[in-house]
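Q: Could you take me through the surroundings of the ligand in this model? I would like a close look at that one part and at how it sits in the fold.

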Amino acid sequence: MSKRVLTVAGIHTYYGESYVLKDLSLAVPEGRVVALLGRNGAGKSTTLKSIMGLVPPKRGSITFAGARIDGLPPFRVNALGVAYVPEERRVFSHLSVRENLLIAERRGTPWTSAAMFEMFAPLARMRERRGRYLSGGEQQMLSIARALVTGPRLLLLDEPSQGLAPVIVDAVVDAIAEMKRQGLSILLVEQDLEIPFKLADDAYIIDQGALVFSGTCRELREREDLQSRYLGVGA
Ligand SMILES: Nc1ncnc2c1ncn2[C@@H]1O[C@H](COP(=O)(O)OP(=O)(O)O)[C@@H](O)[C@H]1O
Ligand SMILES: [Mg+2]
């Protein structure tokens, strides 16, 4: 059993009166890629927002690297080593690619700007281009790179392949594979199985805010019943 970097234990999360996450538990072992799956509206993004402290759970606990983080504000969670790439790909539109990385980079990380230009070759070619003139795929790469240069121990990725051309998806998959090789722990939210089956070790499926499967990706491959019931595969 490898050490857990993240443990989410029985969280209940609400938006106002609306009850979204119902007793959700999951774990990310050190150095693993864990997929969090489920159809649109299942509660995947809310799970990441709960971990970051953006939408704090009302009950349950979240433990990162041995310390409780539920109740902490997002900037504290980030400072402890959790980086978050939201669905909306936030980059500074008026700053260049280089400047976007420069302002995020923390000292002492192996994930330097220079390393990012190696990992994402298209970004290297447009170092001086402003964020607003990047394509969707380039913005996605820059969002991921901005998260990495903060030197995280855990990376939360929300649907990194969404809306991207296949060639860009391949570049993102290669980048995630490289992060995994270097020992980074990753919680990867996806709606389909293409990337999880290439990269993830473990998988969780949530439906209507509750856990309906937890196991290895290998197990999930065999479970076509779950794939069609909860992920719309083959539908
Ligand atoms: N800001 C919000 N206010 C109220 N309800 C929300 C908000 N964000 C998401 N929800 C609701 O919470 C549920 C889960 O949403 P979400 O976590 O975004 O799902 P997923 O990421 O799996 O598509 C959905 O029913 C959605 O409508
Ligand atoms: Mg979402």
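A: Happy to: here is the ligand shell, followed by the sheet and helix that go with it. Please keep in mind that this is a predicted model.

Let's start with the residues themselves. Around ligand 1 you will find Tyr15, Ser18, Val20, Gly38, Asn40, Gly41, Ala42, Gly43, Lys44, Ser45 and Thr46. Two elements, strand E2 (18-29) and helix H1 (44-52), each give two or more residues to this shell. H1 supplies the largest share, with three residues. Sorted by class, the shell holds seven polar residues, three nonpolar ones and one charged residue.

Now for the sheet that E2 belongs to. It is an open sheet of four strands in the order E2-E1-E4-E5, paired antiparallel. E2 and strand E5 (67-68) are at the edges with a single partner strand each, so one side of each has no neighbour in the sheet. Further in, strand E1 (residues 4-15) and strand E4 (residues 59-64) are joined by five bridges in the antiparallel sense. Along that pairing, His12 lies opposite Arg59 in E4. Helix H1 packs on this sheet, where it touches E1, E2 and E4, and its direction makes about 70 degrees with that of E2.

To place this in the whole chain, there are 10 helices and 10 strands. The C-alpha trace spans about 45 × 40 × 40 Å along its principal axes. For 235 residues a compact globule would have a radius of gyration near 18 Å, and the chain agrees with that at 17 Å. Buried residues account for 40% of the 235.

Methods:
Residues are numbered from 1 along each chain as its sequence is written. Chains are lettered from A and ligands numbered from 1 in the order in which they are written. This is a predicted model: local features need pLDDT of at least 70, side-chain atom pairs count only at pLDDT 80 or more; totals for chains, interfaces and linings use all residues. The radius of gyration is taken over C-alpha atoms; the globule rule is 2.2 Å times the number of residues to the power 0.38. A residue is buried if 20 or more other C-beta atoms lie within 10 Å of its own, exposed if 12 or fewer, and partly exposed in between; C-beta atoms are placed from the backbone. A residue is near a molecule or strand if its C-beta atom, placed from the backbone, lies within 6 Å of it. Ala, Val, Leu, Ile, Met, Phe, Trp, Tyr, Cys and Pro count as nonpolar, Asp, Glu, Lys and Arg as charged, and the others, Gly among them, as polar. Two strands pair if DSSP finds at least two bridges between them. Two residues are in contact if their C-beta atoms, placed from the backbone, lie within 7 Å. Axes are lines fitted to C-alpha atoms, for helices over the stretch in contact, and angles run from 0 to 180 degrees between N-to-C directions.
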